[in-house]
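I opened this model to work through a short list of look-ups. My notes follow in the order I made them.

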Amino acid sequence: MKKQSRIILLFLVPFLIVIFLFSIFIYFTVSDYSEDYLFKLLEARANKVAKERFEGQKNLIDTEDPDKLPHERDFFIPINNKKSFFEESKEVGIHERFFTDVIKRGEAQFVTKDYLYKGIKYKTNKGDYIVITVAENYFEINQAENLIKTLLFAIAAAFLLLLYIALYFSKNIFKPISAITEKVKEISSENLHLRLNEDNANEELYELSSTFNDMLDRIETSFETQNNFISNASHELRTPLTAIIGETDVVLSKPRQTNEYIESLKIILQEAEKLDNKTKALLFLAQTGFNGKTQKFEKIRIDQLLWDVKENLDILNSKNRIHLDMELLPENPLKLKVSGNTQLLHLAFSNIISNGCKYSNYDHVTVSIGASDDNVYIVIKDKGIGIPENEIKYIYDPFFRASNTKNYEGYGIGLPLTRNIIRMHNGKLLVTSIENQGTTVQITLPSIKSVN
Amino acid sequence: MRKTILIPTDFTVTSLNTLKAVLNNNPSDTTLDIILLHGITSSDSIRDLLFFSKMKQIESLSSDEFEEAYEVLCNKFDSQINSFKIDLFSGYNQAAFNSYIKTNKIEKIFISNGKQKLSNRKSFDLGRFIRKSPVEVITINTDKTSTITEKGEITEVFLKQVSIG
């Protein structure tokens, strides 16, 4: 209600001010115009009356003249080098200065509340005269009141009309908004599947609610991802733990030989190492996922980094067949420089390339490098098992593993981690794949602008 | 030695493979002036002609991927490329095409045996003019076995194997 009355006020006040100013303007324009008009009439009258009087076309002035203005009175005052017009001024009823003004400028006018005075200097062969015509201030007396009344009535009518419109608007404008507010209030983490109604009657509100819905979509997905992540992570961490606990339980159930102990301790160690690897990977994922920590960035030559990665992977597994394709290597090595963190990028490329090796059963993996003026492109192509088409959208979910990877070891952390790293470097990661034919990963990193 | 060559383009990354093949097989002592030519009929409307800008039209036809891909190629073969430009041809007949070739001093034309993919309604295939042109025309075999998923991405230019035949 408070909001509504504020809207009404906001609506009314400026309109009223405008209308009020308008009325004042109209009043003064009309009054000015009619006064002007009356003075012109008076001047004409004065000339006519003087002509009649002094040139003797008519003898009797007092007889009814059809042109006579309402309440008209005429005065003829000779100017015989008189110093003072005291008496005349008393007779006519105006200030003395009026007479001197007429003599000086040839004419003068004066307004009182009820009368308009117009004086002109008239030359006859008998000498100069001041002719003063006085008439009723017709506008002030007859029309002003009427005009004010009309204007006030108009203001009042406009006010009422505006009030009605403002009420109507404030009610109807806020109706859908309050509906949206109500609906949004209903949505909480419990019922994220709820959505706002998107009726496209109102363009802006439609946009608003569809934006809300988009946001809800994103929130829902991230909620789900998080839920999945937690359940997956705990499951992943529990598997080795269960193995350790089971193994220890079995061993402790009765006294055993030394080599049996050694055997089971080995198994325990193996499982603990797995656990360690998983937690490490998780830690890395968490670290790269947040932007809070700033990593040290330096200038890196991508080809050098890739050679390092290849060397490293070759040492780790001699079955790897990684082929670095330098066919499109730019002639200008400066174009291969990117700003980044060596360890992180190393990790990212190792991940992608070793994945390629692993899932293609150590077939050829081609790594091509190229550079445009703004970006460095790294394309990694394998001929492995690929990713099923309907699962490709989940590949960045932590712990997600495609349905065809049952025979391969892995935790499903590598790709999300790589994506995080590439993102930190403002790069792009694009994965295209055909099941059983191979996967192509295209990584784009912005290069350092060569200073000219 | 300096040579001016012409390659028809449809502003797809696929079409750049012709350029890649040409550059790959270019002897290192020859520098090339490359013209990528696209056939498009110009508008009849006086308003369109008044505000016509070749640069703007080329910009609207090409995509980011295309630009990045030819930059990759140009960076690779920097020393062999003397000049590189993308041009539009909007002539209607053989004579117009022949005179285009003459004014630009084009010595060789390379075309791909693949079919052009013309996205714009006004674009047309330059093939029929090229085949009857007075200069040497060389056809390039583009490999068709490449997987379809990478269509339109820059990856295509990295992976496609092409040969001059």
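**Membrane annotation.** I started with the UniProt record, an unreviewed entry. Its "transmembrane region" annotation covers residues 7–30 and 147–169 of chain A. The model is predicted, so I checked what the coordinates give for each span.

**First span.** I looked up residues 7–30 of chain A. The span is 100% helix and 0% strand. Its end C-alpha atoms sit 35 Å apart.

**Second span.** I did likewise for residues 147–169 of chain A. Here too I read 100% helix and 0% strand. The distance between the end C-alpha atoms is 32 Å.

**Helix pair.** Next I took helix 1 (residues 2–54) and helix 4 (residues 138–186) of chain A. Their axes come within 9 Å and cross at roughly 160°. Angles over 145 degrees count as roughly antiparallel. I therefore logged helix 1 and helix 4 of chain A as roughly antiparallel to each other. The crossing of helix 1 of chain A past helix 4 of chain A is right-handed. I then sorted the residues of this helix 1–helix 4 contact in chain A by class: 27 are nonpolar, six polar and three charged.

**Chain A against chain B.** Which strands of chain A each supply at least two residues of the side that touches chain B? I began with the totals: 22 residues of chain A contact 15 residues of chain B. The strands I noted are strand 8 (364–371), strand 9 (375–382), strand 10 (428–434) and strand 11 (438–446) of chain A. By class, I found eight nonpolar, ten polar and four charged residues on the side of chain A that touches chain B.

Technical notes: Residues numbered from 1 in each chain as written. Chains lettered and ligands numbered in written order. Predicted model: local features only at pLDDT ≥ 70, side-chain atom pairs only at ≥ 80, totals over all residues. UniProt positions renumbered as here; feature names shortened; annotations may be inferred. Helix = DSSP H or I, 4+ residues; strand = E, 2+ residues; numbered from the N terminus. Contact = placed C-beta atoms within 7 Å. Nonpolar A, V, L, I, M, F, W, Y, C, P; charged D, E, K, R; others polar. Axes fitted to C-alpha atoms, helices over the stretch in contact; angles between N-to-C directions. Parallel < 35°, antiparallel > 145°, perpendicular 65-115°, else oblique. Left-handed = near helix turned anticlockwise from the far one by under 90°.
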